[in-house]
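Here's a protein model to poke around in. Let's go through it one question at a time and see what the numbers say.

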Amino acid sequence: MTYQLETAAHPETLRRVAIDPVSRVEGHGKVTILLDDQNKVHQVRLHIVEFRGFEKFIQGRPYWEVPVMVQRLCGICPVSHHLAASKALDVIVGAKKLTATAEKMRRLMHYGQMLQSHALHFFHLCSPDLLFGFDSDVTKRNIVGVAMAHPETAKRGVLLRRFGQEVIRVTAGKRVHGTGAIPGGVNKALTIAERDELLKDIYHIVQWSRDAVQLIQKVHTQDPGLYNSFGIFRSNFMSIVGNNGDLDFYHGTLRARDDNGKIIFDHVDYQQYNQYIEEEVRPWSYMKFPYFKSIGKEHGWYKVGPLARVQNCCQISTPFAEHERKEFVDYAGGSPMHAPLAYHWTRMIEMLHAAEVIKELLHDDDLLGSDLVVQGKRQSEGVGVIEAPRGTLFHHYRVDENDLVTMANLIVSTTNNNQAMNEAIRHVARRYLHGHEVTEGLLNHIEVAIRAFDPCLSCATHALGKMPLEVELVDPEGRIVHSLSRS
Amino acid sequence: MSHTFTLDGKVVPFVDGQTIIQAASAAGVFIPHLCYHPEFKPHGSCKLCTVKVNGRHTASCTMRAAPGMVVESETEEINAERRALTQMLFVEGNHFCPSCEKSGNCQLQATAYHLGMMSAHYDHFFPNRAVDASHPDFLLDFNRCILCSLCVRASRDVDGKNVFALSGRGIKTHLIVNAKSGQLADTDFTLDDKAAQVCPVGVILKKRQGFAVPIGERKYDKAPISETAESTEGR
Ligand code: SF4
Ligand code: FES
């Protein structure tokens, strides 16, 4: 847990390499690397330009608009923002406990989102690297290449994702920009026809998710030298956990562990998150760096997301996913696994759990109920937290007596992983780039490390196909000595 | 006395004193409109209802029908003009349908769909108008006002209260609240006012109700505006 390679001692004498993926609206990511004449790496930084302006934008708007409006934050997992905001507003409208129908509809929506997001990430974005190798032929290292070489895998990826989107559509009203969750509950239950339609496919979805876990487990365990060490760094980790420490993506209390798995805090009501977490601003990045207050800036940063969640929980409530969790924990050998590439394995365990939960919910008649909304004593402040596909997501609002939002603070999953992603790429740069001529294959190693965390920027730039990339080597006078691009 | 005129070649009956749009809707023919409402005196300001009568443009909500008139409405030329007017309304205000609670129940949005509007076409003004949230039951979001004056007419003519007024001229025209403070809380506006129900877009909103109706069950999800009850009363 050090800041090595964050800031070079004499940057003015070094060459600068920038990996600058052009992105769409969600965020813009860029890696800069400073090299000396012998190509030795002196500084590596991941910059993500976050859409912070949003917090200002929402001020002065009526609170009931927020869950719909926040979906504009992110085109990749709008449902997570929709639900985190709705949970914060449940607190504002005094809805202490939602009706069974409302809670289960929201859970169904969220697990549908988890399924579609994890399927997209694994099959569409990462399987080319994982199946062909990080510096394999770039012309084949894409989803089209996967479809040619492994047509069945590619097809299942598409169908898993489509099923998740269908779950979102029937719960939120639309695949994107839905309105299903409202402060205090939901605006619709499931119809029998909608339920029956989903029931037709859910059993293959569970089976294909099981197969996906097998696939990634095989890829991982066949090459432990690479998978257990690529980009590795040790860190604390955090997530919410449900009752009895179960894996829970929708609701629970905050739990954090140190790099050895020892509990740092547990059973923390997330309404009090800001007594435990502080966000640090650093001059070179727009994205803040959160850390645990009790440990301090230097050692208090942490990781979130699948690798954190699967190791933070005590068990998983569904049988197939629990079996896979145990396999993973056994493989890790009794202490937490920190290898970034293990995110892929745990992400597939989570996808399997999401599929199993959806199956259970579809057999639950509460989803067909008609009791949708509750209200109670109006409050002026509320926090909503959810485990989004990429990790813990915080939404915090204050609302005045006229019902307008006066303050919003969001800590998005990718921000929670900010320091962790920086550590991973520094490790990779030191190990693979140090002393070498920069090539596309080597740069892809950096991207592979970033992509393991599934930050929004990777999806945003990848969803259209290949990540457009420009790399420039600049000498100390600012002249371009060499440039490399692919688009 | 009953007479007839032709509307896009169809014979439409009318009685003395009826406007073209009144006769058309009684005959089940839809003419796009925004500031017209059958319960109020016409205002003739939005010009969406423009038709050609004997070859000349005129607003069908203010023009009285006359025997033997030849009226054109559903032509490519007129619909292109209506589309341009609608696009101008979109860029003058802030109309972000995906996060607007009136979406699916909004006459402006439904009219844009009806006219096949694909984009705003003009540069957005992005005005910055503060909302008025002072009233305990209502929110006014002026960002979406299309100045149809329906609330002005409803409050003055039906509620007898004069809560709203249009102020300024030309492009500076804007809706105001008739109170010293300019705040809705300082008027006698209440839930059962007619003016609380007439806004065709998302300006006058009942608080804490937004998004309670799911997508698929909102007014224009069920039928396009040309086929809703108001426009097909005569069919
Ligand atoms: S507030 Fe609504 S009803 Fe009143 S003028 Fe504006 S758009 Fe028309
Ligand atoms: S409806 Fe006739 S001018 Fe507006």
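Q: How many residue pairs are in polar contact across the interface of domain 1 of chain B and domain 2 of chain B?
A: First, a heads-up: this is a predicted model, so local features need pLDDT of at least 70, side-chain atom pairs count only at pLDDT 80 or more, and totals for chains, interfaces and linings use all residues. Residues are numbered from 1 along each chain as written, chains are lettered from A and ligands numbered from 1 in the order written, and side-chain values use heavy atoms, with hydrogens and water left out. A polar contact is a pair of N or O atoms within 3.5 Å; within protein, one must be able to donate a hydrogen and the other to accept it, and residues adjacent in sequence count only if both atoms are side-chain atoms. With both residues at pLDDT 80 or more, the number of pairs across this interface is 5.

Q: Where do domain 1 and domain 2 of chain B sit in the sequence, and how far apart are their C-alpha centres?
A: The bounds come from an automatic or database domain assignment. Domain 1 covers 2-74 and domain 2 covers 84-211. Their C-alpha centres are separated by 26 Å.

Q: Which residues in domain 1 of chain B lose the most area to domain 2 of chain B?
A: Buried area is the accessible area (1.4 Å probe) that two parts lose on being put together, summed over both. Here that comes to about 1300 Å², with carbon and sulfur atoms giving 65%. Together, three residues make up 46% of what the domain 1 side buries: Leu34(B), Phe40(B) and Leu48(B).

Q: What does Lys194(B) form a salt bridge with?
A: A salt bridge is a side-chain nitrogen of Lys or Arg within 4 Å of a carboxyl oxygen of Asp or Glu. For Lys194(B), the closest N and O atoms are 3.0 Å apart, and the partner is Glu39(B).

Q: How many salt bridges does the rule find across the interface of chain A and chain B?
A: Contact means heavy atoms within 4.5 Å, and 21 residues from chain A and 19 residues from chain B take part. The two chains bury about 1800 Å² between them, 61% of it on carbon and sulfur atoms. One of the salt bridges pairs Asp403(A) with Lys207(B), closest N and O atoms 3.5 Å apart. The count for this interface is 4.

Q: How many helices and strands does chain A have?
A: Helices (H or I, at least four residues) and strands (E, at least two) are DSSP runs, numbered from the N terminus. Counted that way, chain A has 16 helices and 16 strands.

Q: What percentage of the residues of chain A count as buried?
A: Buried means under 20% relative accessible area, exposed over 50%, and partly exposed in between (1.4 Å probe, protein chains only). Chain A has 487 residues, and the buried share is 62%.

Q: How far apart are the end C-alpha atoms of helix α12 of chain A?
A: The expected span of a helix is 1.5 Å times one less than its number of residues. Helix α12(A), residues 342-362, has 21 residues, so it should span 30 Å; the model agrees, with the end C-alpha atoms 31 Å apart.

Q: How many residues of α14(A) are buried?
A: Helix α14 of chain A runs over residues 418-433 and reaches 21 Å from its first C-alpha to its last, close to the expected 22 Å. Just after α14(A), Gly435(A) takes a positive phi of about 80°. The helix itself is mostly covered, and of its 16 residues the buried number is 14.

Q: Arg107(A) or Glu103(A): which one is buried, and which is partly exposed?
A: Their side chains meet in a salt bridge at 3.3 Å, N to O. They sit 4 residues apart in helix α4 (residues 100-132) of chain A, so about one helical turn separates them. Glu103(A) has a relative accessible area of 26%, which makes it the partly exposed one. At 15%, the buried one is Arg107(A).

Q: How many residues apart in sequence are the parts that Lys104(A) and Asp364(A) tie together?
A: The side chains of this pair meet in a salt bridge, 2.8 Å from N to O. Lys104(A) lies in helix α4 of chain A and Asp364(A) in the loop between α12 and β12 (381-388), so the parts tied together are apart in sequence by 260 residues.
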